[in-house]
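Colleague: I am new to reading protein models. Could you take me through one, feature by feature?

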Amino acid sequence: MIDELKKYGDLEEHASTKLLNTYKIGGSTRYLIEPNSIQDLVSILKILKENNIKWFILGNGSNIILNSREYDGAFIKLNKLNGLEVNGNNIYAEAGVMVPNLVKVATDNSLMGLEFAAGIPGTVGGSVYGNAGAYNSCIMDYVQSVTVIDDDLNIKVIEHEDINYSYRMTDFKNNKKQIIVAVKFTLTEGEKERSIALINDRRKRRLESQPLEYPSAGSVFRNPEGDFAGRLVEICDLKGYKIGGAEVSEKHANFIVNAGNATSEDVYNLIHYVHDTVKEKTHVDLLCEQEFIDWE
Ligand SMILES: Cc1cc2nc3c(=O)[nH]c(=O)nc-3n(C[C@H](O)[C@H](O)[C@H](O)COP(=O)(O)OP(=O)(O)OC[C@H]3O[C@@H](n4cnc5c(N)ncnc54)[C@H](O)[C@@H]3O)c2cc1C
């Protein structure tokens, strides 16, 4: 099976997952596979299915909390699906393209809309899956269509009007059965200088408010209706609270950072501690925005 899989991409056995996520935590995976192309991904999925091997689709690992055990299956990393094409007001991007690169290409072509996403360190696939957003904008608003591999391993195109989405939520996230392989964006013609000014302003705001000097996976909790998760964590006096190497950021209370050699368990325990403390003190049941992978 391994030789067969290697025809369609790179494969490493018992690969460490620690450098595959922005918290820099984790363990290993039985197989790490990087498909060469969309068609090769379909072939890989067929082989894994036939051999009853489970898989996990990995983007840039910037919204996940990995376990320190070995994942008994395949991590499929889509970094080689990095095709990008500009056509008038549209940009076609494969799922492994990094969002900041997409924004740069849009800006270079004087296409506006995605400036808000310049500082989101995720892939196109992961960001459309979770409808990433910032400053009251979200990526799904700019999506014209999404190409997926469905549960029966057919490639199909889903149009914007057929996709339900809301704050950090999409059909893709609800029903984890589809793999996003490419996305077509529709943007508006603008001025490069205006886009650059907007991007610089957002970058400055992030640098001032987020602990970008430490590994993290961005905001931990979703903002509850009419409030901010960070405000609730802060009034519970949790800024700076530590478990092992994981710490509630002093700079932004809704960030947990790896302040030095944090383990997966440190991050897991700290998220639960913060959640439970906020619930006890404020009666708000915060929902985690980051995904726990393989913790059951
Ligand atoms: C410093 C920092 C700042 C951040 N700021 C923001 C922000 O402003 N706004 C925001 O929304 N987020 C933010 N994030 C969180 C994160 O970057 C986004 O959620 C990003 O969109 C996740 O993309 P990813 O490729 O890293 O996904 P991953 O973390 O790799 O995966 C997340 C989930 O998506 C699934 N997935 C990934 N690719 C695919 C695919 N092709 N098809 C189907 N499923 C897929 C995975 O299986 C997993 O379930 C921030 C993170 C950091 C570290």
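Modeller: Start with a term we will need. Two strands pair if DSSP finds at least two bridges between them. Strands of a sheet pair through backbone hydrogen bonds, either parallel or antiparallel. Here is a case: Trp55 stands opposite Ala74 in β5. Keep in mind that this is a predicted model.

Colleague: Before the details, what domains is the chain divided into?

Modeller: Domain 1 covers 2-77, domain 2 covers 84-208 and domain 3 covers 229-293. The centres of domain 2 and domain 3 are 28 Å apart.

Colleague: How many helices and strands are there in the chain?

Modeller: The chain has eight helices and 20 strands. Its radius of gyration is 19 Å, close to the 19 Å that the globule rule gives for 296 residues, so the chain is as compact as a globular protein of that length. Its C-alpha atoms fill a box of roughly 50 × 50 × 30 Å along the principal axes.

Colleague: What share of the residues is buried?

Modeller: Buried residues are 40% of the 296. Look at contacts too. Of those with a separation of 6 or more, 65% join residues 24 or more positions apart.

Colleague: Let us return to strands. In which order do the four strands of the open sheet lie?

Modeller: Read β1-β2-β5-β3, with mixed pairing. β1 (9-16) and β3 (55-58) stand at the edges, each with a single partner strand, so one side of each has no neighbour in the sheet. From one strand to the next, the twist averages 25°.

Colleague: Do β3 and β5 run parallel or antiparallel?

Modeller: They run parallel, with four bridges joining β3 to β5 (residues 70-77). Leu58 stands opposite Lys77 in β5. β2 and β5 also run parallel, joined by five bridges. Find Tyr31 there: it stands opposite Ala74 in β5.

Colleague: Which helix lies across these strands?

Modeller: Helix α2 (residues 38-50) does, crossing β1, β2 (28-35), β3 and β5. Angles are taken between N-to-C directions. α2 runs at about 145° to β2.

Colleague: Now antiparallel pairs. Where can I see one with a short turn?

Modeller: Try β6 (residues 84-87) and β7 (residues 90-94), which pair in the antiparallel sense over four bridges. Asn87 stands opposite Asn90 in β7. The two strands form a hairpin with two residues between them. In the turn, Gly88 has a positive phi of about 60°.

Colleague: What about β11 and β12?

Modeller: Strand β11 (residues 143-149) is joined to β12 by five bridges, and the two run antiparallel. Val148 has Lys156 as its bridge partner in β12. This hairpin has five residues between the strands, and Leu153 takes a positive phi near 65°.

Colleague: How many residues of β12 are buried?

Modeller: A residue counts as buried if 20 or more other C-beta atoms lie within 10 Å of its own. Of the five residues in β12 (residues 155-159), zero are buried, so the strand lies largely in the open.

Colleague: Why do you point out the sign of phi?

Modeller: Most residues other than glycine have a negative phi. Lys24 has a positive value, near 60°. Lys24 sits in the loop between β1 and β2. Tyr135 also has a positive phi, near 50°. Tyr135 is in the loop between β9 and β10 (137-138).

Colleague: Are those residues buried or exposed?

Modeller: Count neighbours. A residue is exposed with 12 or fewer other C-beta atoms within 10 Å, and partly exposed between that and the buried cut-off of 20. Lys24 has 17, so Lys24 is partly exposed. Tyr135 has 12, so Tyr135 is exposed.

Colleague: Last topic: the ligand. How many residues surround the ligand, and which are the closest?

Modeller: There are 33 around the ligand; the closest are Gly59, Gly122, Gly125, Gly126 and Gly218.

Colleague: Which elements supply the shell around the ligand?

Modeller: β3, α4 (124-129), β9 (133-134) and β15 (179-186) each supply at least two residues. α4 gives the most, with four residues. You have met β3 before: it is an edge strand of the open sheet.

Terms used: Residues are numbered from 1 along each chain as its sequence is written. This is a predicted model: local features need pLDDT of at least 70, side-chain atom pairs count only at pLDDT 80 or more; totals for chains, interfaces and linings use all residues. Domain bounds come from an automatic or database domain assignment. The radius of gyration is taken over C-alpha atoms; the globule rule is 2.2 Å times the number of residues to the power 0.38. Two residues are in contact if their C-beta atoms, placed from the backbone, lie within 7 Å. Axes are lines fitted to C-alpha atoms, for helices over the stretch in contact, and angles run from 0 to 180 degrees between N-to-C directions. A residue is near a molecule or strand if its C-beta atom, placed from the backbone, lies within 6 Å of it.
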